[in-house]
Amino acid sequence: MKNNLLYLLLLLSTHAFAQSPKEKGLNSINKESAEAYITFLAHDLLEGREAGKRGSRIAAEYIKSVLQGIGIKPYPETYYQSFEAYSKERQKRTRFYVHPDTIAKYREEDAHRKLELKNVLGYIEGKNKNECVIIGAHYDHLGIDESLANDKIYNGADDNASGVSAVLQIAKAFLMSGEKPEHSIIFAFWDGEELGLLGSEYFMLSYNSSVKIKGYLNFDMIGRNNNETKPKQVVYFYTEAHPAFGEWLKDDIICYDIQLEPDYKPWDKPIGGSDNASFAKRDIPVIWYHTDGHPDYHQPGDHVEKINWEKLVSITKAAYLNLWNLANLDKY
Ligand SMILES: [Zn+2]
């Protein structure tokens with residue numbers, strides 16, 4: 001009798017502490033990983049990760065190695081999606097383009113500029129291979145300005161090593177959950193965002209798969225405080241036609257005690273600001289986390305020691321829960 005009671009107590013306690021697959025993934029997200037990823041990417045040795053330059057090539061190689069180490073497969077066959085961007089010569093001050101028609105036109109000009117760029121893409125196959133979701137962040141930044149008198153390197157810790165750290169941690173969390181998602185997931189690290197959303201635009205221009213993209217989740221700058229008196233503030237943009245996205249976050253904040261105070265910003269057509277535009281303009285529903293502007297925005301002072309780690313980790317967890325729904329629910 002006594003033994004039976006002990007057994008029952010043991011059973012109850014292990015049951016109470018057993019984690020669901022979703023919670024296993026959630027609990028793998030931590031500050032240590034975020035610090036490791038961001039400290040490397042925002043190091044002076046990476047020279048501000050300017051698209052097409054040495055520092056951004058090292059960043060791409062690093063992201064690829066981390067994906068391999070975690071066990072994330074490449075998409076579709078290789079981790080790198082290489083592409084070219086063209087513009088007129090520098091004095092004409094035009095932007096870079098990836099559309100094949102524009103490239104063909106610029107190639108005919110005697111003097112034009114050309115960049116060799118690459119997105120880094122990872123993949124988890126879902127049970128239903130006909131639909132997928134994408135989560136992404138750009139990894140390029142502004143490089144070096146030798147004419148600056150003091151600090152010459154635009155380290156881009158917040159913009160956007162912070163977002164890259166979130167995508168990497170969420171990729172790992174999905175594997176840690178041990179559960180295959182319903183829909184496949186593409187983990188995307190975009191190049192050339194600072195030059196005009198080049199990587200995400202190229203990805204969508206060249207996307208010719210019959211697999212339907214059900215949604216896109218974007219990060220761009222998730223590690224700073226816009227207002228120091230509101231350290232839990234985050235802007236949560238989402239496609240207005242999908243009010244479920246707002247409900248998901250509200251519920252998860254309560255259910256998982258996520259320490260965030262979001263500004264909910266439903267948006268009828270979220271085609272501005274960052275790589276979300278490349279998806280929203282093609283009518284793919286988006287979610288975009290952003291902690292707003294700050295004095296170091298696009299300045300050499302965007303340094304790793306200014307990151308609000310608690311908030312960054314909370315946003316990563318909230319977004320993992322969003323992606324869990326995006327990848328596992330049929331309708332939203
Ligand atoms: Zn950015």
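At what angle do helix 3 and helix 10 pack, and how far apart are their axes? The legends below work through that packing and several other close-ups of this predicted model.

**View A. Helix 3 against helix 10.** The two helices pack at an angle of about 105 degrees, and their axes are 10 Å apart. Angles of 65 to 115 degrees count as roughly perpendicular, so that is the label for helix 3 relative to helix 10. On the helix 3 side, look for Lys31, Ala34 and Glu35. Helix 10 answers with Trp309, Leu312, Val313 and Thr316.

**View B. Helix 3 against helix 6.** Here we have helix 3 (residues 31–41) again, with its axis coming within 9 Å of that of helix 6 and crossing at roughly 135 degrees. The pair is therefore oblique, and the crossing is right-handed. Helix 3 brings Ser33, Ala34, Tyr37, Ile38 and Leu41 to this contact. From helix 6 come Ala157, Ala161, Ser162, Val164, Ser165, Leu168 and Gln169. Ala34 is worth picking out, since it meets helix 6 and also takes part in the contact with helix 10. As a reminder when reading such lists, an α-helix has 3.6 residues a turn, so residues three or four places apart point the same way.

**View C. Helix 6 from end to end.** Helix 6 covers residues 157–177, and its end C-alpha atoms are 28 Å apart. Does that agree or disagree with what 21 residues should span? At 1.5 Å a residue the expected span is 30 Å, which agrees. The helix is mostly covered, with 19 of its 21 residues buried. One oddity to zoom in on: the peptide bond joining Asp159 and Asn160 is cis, with omega at about 5 degrees, and Asn160 lies in helix 6. After the helix comes Gly178, with a positive phi near 75 degrees.

**View D. Strand 3 and its partners.** Strand 3 (residues 112–124) pairs with strand 2 (residues 80–88) in the antiparallel sense over nine bridges. In that pairing, Tyr86 stands opposite Lys114 of strand 3. Strand 5 (residues 183–190) also runs antiparallel to strand 3, joined to it by five bridges, and Phe189 of strand 5 sits opposite Val120. Strand 1 (residues 73–74) is antiparallel to strand 3 too, over two bridges; Lys73 has Tyr123 as its bridge partner there. When following side chains here, bear in mind that in a regular strand they alternate between the two faces of the sheet.

**View E. A cis proline in the loop between strand 1 and strand 2.** Pro76 is found in this loop. The peptide bond leading into Pro76 from Tyr75 is cis, and omega is near -15 degrees.

**View F. Two positive phi values in the loop between strand 9 and helix 10.** Asp292 lies in the loop that links strand 9 (286–290) to helix 10 (309–328). Although Asp292 is not a glycine, its phi is positive, at about 80 degrees. His298 is in that loop as well, and has a positive phi near 55 degrees, again in a residue other than glycine. Which of these residues counts as exposed? That would be His298, because it has 12 C-beta neighbours inside 10 Å. Asp292, with 16 other C-beta atoms within 10 Å, is partly exposed.

Methods:
Residues are numbered from 1 along each chain as its sequence is written. This is a predicted model: local features need pLDDT of at least 70, side-chain atom pairs count only at pLDDT 80 or more; totals for chains, interfaces and linings use all residues. Two strands pair if DSSP finds at least two bridges between them. Helices (H or I, at least four residues) and strands (E, at least two) are DSSP runs, numbered from the N terminus. The expected span of a helix is 1.5 Å times one less than its number of residues. A residue is buried if 20 or more other C-beta atoms lie within 10 Å of its own, exposed if 12 or fewer, and partly exposed in between; C-beta atoms are placed from the backbone. Axes are lines fitted to C-alpha atoms, for helices over the stretch in contact, and angles run from 0 to 180 degrees between N-to-C directions. Angles under 35 degrees count as roughly parallel, over 145 as roughly antiparallel, 65 to 115 as roughly perpendicular and the rest as oblique. A crossing is left-handed if the near helix is turned anticlockwise from the far one by less than a right angle, and right-handed if clockwise. Two residues are in contact if their C-beta atoms, placed from the backbone, lie within 7 Å.
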